[in-house]
Amino acid sequence: MATDWVGSVVSIDCGATLGVYQGEVSSVDHVSQTISLKHPYHNGVKCPVPEVTFSAMDIKDLKFLDIQNKVNKTSAGKDTATEPSSISTGRHGQTNKTNHSHAITNSSGSISNPRRGSSNSRGTTQSTPRRSNVRNGGAGGQRSKNDECFGDGTDENLDTDFDFEGNLALFDKAAVFSQIDGASSNSHKLQHHNTQAEQKTQSYRHDENILEGKPVTYRQITVPQYVGKEYCTDTGLVVPSVPYELHKQLLAAAERWGLSLERRLEAVGVCSSQMALTLLGGPNRLTPKNVHQRPTVVLLCGPHVQGAQGISCGRHLANHEVEVILFLPNFVKMQESVTSEVNLFSKTSGKQVSSVKDLPMSPVDLVINCLDCHENPLLKEQSWYQSVADWANKNRAPVLSIDPPVSEQPQSVDAKWTLSLGLPLPLADKDSRVYLCDIGLPKMVYQEVGISYHSPFGCKFVIPLHSV
């Protein structure tokens, strides 16, 4: 009966359009000439539907991959021979499966092969081989499946490991390279390859310039009078020092062109206050969350232009919420620049004192020294000067000295940092670190006094200098 083939695994070729289906036979209808497969696979991919039904006219070829094991015995005493299954071990079984298809039979007669015009039917109905009683999935069936997949003979050499050392010993590197060097054609190819390698575009890092620039000139500032003292910046530019007389001529030329003393005082105050704020800790110290620990700065200023520069610096510091204490001695008559700076400072929260007794006894965060003057070195002999210098040396705070004068004698107040204006003066070698600030002098002003000038500041207004 047709139900004898239910459970068999078949492969149905429906041509190039529909493709190939595999699955287990779920039903066979010999009246309507249809066959249904459950758990079907289409071209090796599992179908989303649980069952597929095929018509005999759509089937091009039908192959049995696994036949349901059933043995029908006739009651009339006539034995029916059981033919061997189409699934056999070894290569012969695979060949038989590939080259043969089977017809479906029932008790009343035979049904022709659903593949119409099949070359296997040859106009006759072939007897269908029956399987033994071994159930599909049993030991025999599992063995048959293994034989189908792995039954083909394999190369026995795959079980042995490859001898790398032995094969490497067979390679004579020296002989091969000697043949390469001796062959003229091969040498020509090598030369051509080397030429291409040389012509290959060089790769650059992200911080390298692909354009060839001019050689760097590190001596970009030349002065008409060499005084024997030179400095260099962090980038290697040479900054020569100038004598005080040339420096004085430079400032006078700037005033003639409109850079007045008041504007210069403002530029010095801004640059020196920026440096002082950095020395105090910068953003790590001056934050809204650190209001209870505001830094304290003491300004020591004399009654001269250098003192006015210090007062301008103190005004900017006070504007940045720094506690500033300004020391300025009492004089009956002071320069106009000092008086105007004191008036501006009085509008800030800073404190002004004229006696050493009013200065704090405990160490402060920073002391800014502007006591010395280029024009009047005799100030050091006055009592107020000596008492303030003694206080600064005893107070264990670091000292920043702004625009100190050139002197053969050591400075009265030991400074940790020194700030020069425009171009440095030939200061004596000491432990103080020299910095240079830009006070806004145009390039043509330098040329007017005989100085060939190119700015060494780059993107900054205050840069450190190192002795050469």
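These legends go with several close-up views of a predicted model.

**Figure 1. The whole chain, before zooming in on a model with 12 helices and 18 strands.**
Start with the overall picture. The protein chain has 468 residues, and 39% of them count as buried. Take the contacts in the chain with a separation of 6 or more: residues 24 or more positions apart account for 63% of these.

**Figure 2. An open sheet of 10 strands with mixed pairing.**
Reading across the sheet, the strand order is 10-9-18-17-16-15-14-11-12-13. Strand 10 (238-240) and strand 13 (351-353) are the edge strands, each with pairing on one side only. From one strand to the next, the twist averages 30°. Helix 11 (residues 383-394) packs on this sheet, where it touches strand 11 (296-301), strand 12 and strand 14 (366-370). Compare directions and you get about 155° between helix 11 and strand 11.

**Figure 3. Strand 11 beside strand 12, a parallel pair.**
Here we zoom in on one pairing in the sheet. Five bridges hold the register between strand 11 and strand 12. One spot to pick out is threonine 296, whose bridge partner in strand 12 is glutamate 323. Strand 12 itself is mostly covered, with four of its five residues buried.

**Figure 4. Strand 9 next to strand 18, an antiparallel pair.**
Strand 9 covers residues 230-232 and strand 18 covers residues 462-467. Two bridges make up their pairing. Look for tyrosine 231, which sits opposite serine 467 of strand 18.

**Figure 5. Helix 8 crossing helix 9 at roughly 55°.**
The two helices span residues 261-279 (helix 8) and residues 305-319 (helix 9), and their axes come within 7 Å. Angles over 145 degrees would be roughly antiparallel, under 35 roughly parallel and 65 to 115 roughly perpendicular, so this pair counts as oblique. The crossing is right-handed. On the helix 8 side, the contact residues include Leu261, Leu265, Val268, Ser272 and Ala276. Helix 9 brings residues including Val305, Ala308, Ser312, Cys313 and Leu317. Sort the residues of this contact by type and you find 10 nonpolar, six polar and three charged.

**Figure 6. Isoleucine 59, a buried residue in a loop.**
The loop in question runs between strand 5 (51-55) and strand 6 (61-66). Isoleucine 59 has a relative accessibility of 3%, and the cut-off for buried is under 20%, so the residue counts as buried. Aspartate 13 is worth keeping in the frame too. Isoleucine 59 and aspartate 13 are 46 residues apart in sequence, with 6.1 Å between their C-alpha atoms.

**Figure 7. Two loop residues with positive phi, glutamate 321 and aspartate 403.**
Most residues other than glycine have a negative phi. Glutamate 321 has a phi near 65°, and its place is the loop between helix 9 and strand 12 (323-327). Aspartate 403 comes in at about 50°, again positive, and is not a glycine either. Look for aspartate 403 in the loop between strand 15 (399-402) and strand 16 (417-421). Its relative accessible area is 7%, so aspartate 403 is buried.

Key. Residues are numbered from 1 along each chain as its sequence is written. This is a predicted model: local features need pLDDT of at least 70, side-chain atom pairs count only at pLDDT 80 or more; totals for chains, interfaces and linings use all residues. Side-chain values use heavy atoms; hydrogens and water are left out. Axes are lines fitted to C-alpha atoms, for helices over the stretch in contact, and angles run from 0 to 180 degrees between N-to-C directions. A crossing is left-handed if the near helix is turned anticlockwise from the far one by less than a right angle, and right-handed if clockwise. Contact means heavy atoms within 4.5 Å. Ala, Val, Leu, Ile, Met, Phe, Trp, Tyr, Cys and Pro count as nonpolar, Asp, Glu, Lys and Arg as charged, and the others, Gly among them, as polar. Buried means under 20% relative accessible area, exposed over 50%, partly exposed in between (1.4 Å probe, protein chains only). Two strands pair if DSSP finds at least two bridges between them.
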